[in-house]
Amino acid sequence: MSGPRLTFLGTADSKGVPRFWCTCAVCQEARETGLNRRTRTGLLLQGAGETVLLDASADLHAQLAARPGPLLPDRVIISHAHNDHLLGLGDLLDYRLYAAGSLDLRAPATVVEDLRARFAYAFRAQNAVEVLPEEGLPAAGLTIRAFEVPHGANGQSHAFRLERPGWAGVVMTDALDVPPELARRWLGGAAGAGLDLLVLGTSFADESAAPRQGRSVYDIAEALSLPWAHAARRVVLTHLSHGVDARTTALPPGWTLAHDGLSLPLW
Ligand SMILES: [Zn+2]
Ligand SMILES: [Zn+2]
C-alpha cells in the first residue's frame, strides 16, 4: 500500500501571484504563461483512507473546484487566524450540511477563539471548530500536532508536526525568528537527525533591505542559513510572493520551490 501524499493546493503568500494591481515581471509572467501563478497557501494530506486539509485558503473553493473529481475532506486544521489561511473556512462550514456530521474542523485553542469572533454566525448553535488537543490527533496514517511559532510583525502562528514511528515532517508556512529552544523541541527528526520533510514558508528571495520590525515570514536567503532547515532531508519552500521568480531561483540539492498542484509522497 502506498503511503500518505501531500499536495500543495496553493503556494502564494497572503496576496497571491499575480498581485492584481502589480505590473512587475513576475506578476506579468504569472498572467501570461503562469509558471509563477500561485493561489493562497493550503495543503491537502491524503493517507490511510483519510483526507485532511491543512488550512483553508482564501482560494480554497477555486482550488477544490478545479480538481477533476469531488473531494470530501474528513478533517481540517487551521494554523492561525489570518485571512489567507482561513477564508475558505466559510465554504467548509457550509459543506458540513452535506458531510452528514463527518467533517472534523480543528484549530489550536487560541485560534478557535479568533475563529469564533470571525465566523460568529456559525458558532451560534454549536462549537463549529473544536480545539486541536496538545497531544495531537491521528490522521492520514500520522499523528498531527500544532506548535506555536513567532510570526514577526503579525504576532503568532502555528506550525504542524506530522509524525509516525521512524518519520517526522514539519509544515511551517508562516514563521520568522524561531528561537533555538523551539527548534530543538520541534524541528528535529525522528531519530535525533534532521526532519525527513520540511515545508517552509519563504515569502521573498531576500528581504535583508526591508526593516526587520515589519517582517513576518522567512525569506529564501535566511532559510538557506537555518541549521534545522539544512539538517532536513527534503525542504520544500512555499508561501511565495511575487518576490520569488520560479524561472530563476536556484536551490541546493534536496531543496525545491513548491508550485500549485505539486504532490509528493511522504516516503
Ligand atoms: Zn508583482
Ligand atoms: Zn499569517
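Trainee: Let's start with β5 (residues 104-107) and β6: how many bridges join them?
Mentor: Keep in mind that we're looking at a predicted model. The two strands run parallel, and one partnership across them is Arg106 with Glu130 in β6. In total, the number of bridges joining β5 to β6 is 2.

Trainee: And what angle does helix α5 make with β5?
Mentor: α5 covers residues 109-118 and packs on the sheet. It touches both β5 and β6. Its direction and that of β5 make an angle of about 110 degrees.

Trainee: Zooming out, which strands sit at the edges of that sheet?
Mentor: The sheet is open, has 7 strands with mixed pairing, and reads β6-β5-β4-β3-β2-β1-β14. An edge strand pairs on one side only, and that picks out the two ends of the order, β6 (130-131) and β14 (263-265).

Trainee: Moving to β11 (residues 197-201), how many of its residues are buried?
Mentor: Take the faces one at a time, since side chains in a regular strand alternate between the two faces of a sheet. Leu197, Val199 and Gly201 are buried on one side, and Leu198 and Leu200 are buried on the other. The count of buried residues in β11 is therefore 5 of 5.

Trainee: Which residue of β11 is the bridge partner of Val171?
Mentor: β10 (residues 167-172) pairs with β11 in the parallel sense, over 4 bridges. Within β11, the partner of Val171 is Val199.

Trainee: Is the crossover from β10 to β11 left-handed or right-handed?
Mentor: The chain leaves β10, goes through helix α7 (residues 180-186) and arrives at β11. That β-α-β crossover is right-handed.

Trainee: What does Leu198 stand opposite in β12?
Mentor: β11 also pairs with β12 (residues 235-238), in the parallel sense and over 4 bridges. Opposite Leu198 you'll find Val235.

Trainee: On to the metals. What is the arrangement of the 4 donor atoms around the zinc ion (ligand 1)?
Mentor: The donors are Cys22 (SG), Cys24 (SG), Cys27 (SG) and His242 (ND1), at 2.1 to 2.4 Å. For reference, the ideal angle for four tetrahedral donors is 109.5 degrees. Here the angles run from 105 to 116 degrees, which makes the arrangement tetrahedral.

Trainee: How many residues apart in sequence are the parts tied together by Cys24 and His242?
Mentor: The donor spacing for this zinc ion (ligand 1) is C-x1-C-x2-C-x214-H. Cys24 lies in the loop between β1 (5-10) and α1 (25-32), while His242 lies in the loop between β12 and β13 (255-257). So the pair ties together parts whose separation in residues is 218.

Trainee: How is the site of the zinc ion (ligand 2) classed from its angles?
Mentor: This zinc ion (ligand 2) has His80 (NE2), His82 (ND1), His151 (NE2) and Asp174 (OD) as donors, at 2.2 to 2.4 Å. A tetrahedral label needs all angles between 85 and 135 degrees. The angles at this zinc ion (ligand 2) span 87 to 178 degrees, and its site is irregular.

Trainee: His80 is one of those donors; is His80 buried or exposed?
Mentor: The cut-off for buried is under 20% relative accessible area. His82, another donor, has 23% and counts as partly exposed. His80 comes in at 2%, so it's buried.

Trainee: Any odd backbone angles? What is phi of Asp55, roughly?
Mentor: Most residues other than glycine have a negative phi. Asp55 sits in the loop between β3 and α2 and, at 4% relative accessibility, is buried. Its phi is positive, near 75 degrees.

Trainee: Is Ala48 buried or exposed?
Mentor: Ala48 has a positive phi too, of about 50 degrees. It's in the loop between β2 (42-47) and β3. With 54% relative accessibility, it counts as exposed.

Trainee: Last one: how far apart in space are Arg67 and Pro18, C-alpha to C-alpha?
Mentor: Arg67 is in the loop between α2 (60-65) and β4 (75-77), and Pro18 is in the loop between β1 and α1. The peptide bond from Val17 into Pro18 is cis, with omega near 5 degrees. In sequence, Arg67 and Pro18 are 49 residues apart, and in space the C-alpha separation is 21 Å.

Technical notes:
Residues numbered from 1 in each chain as written. Chains lettered and ligands numbered in written order. Predicted model: local features only at pLDDT ≥ 70, side-chain atom pairs only at ≥ 80, totals over all residues. Heavy atoms only, no water. Donors = N, O, S within 2.8 Å, 3.2 Å for Na, K, Ca; no water. Tetrahedral: all angles 85-135°; square planar, octahedral: opposite > 155°, others 65-115°. Buried < 20%, exposed > 50% of the residue type's maximum accessible area, 1.4 Å probe, protein only. Pairing = 2+ DSSP bridges. Contact = heavy atoms within 4.5 Å. Axes fitted to C-alpha atoms, helices over the stretch in contact; angles between N-to-C directions. Right-handed = clockwise from strand over helix to strand, strands pointing away.
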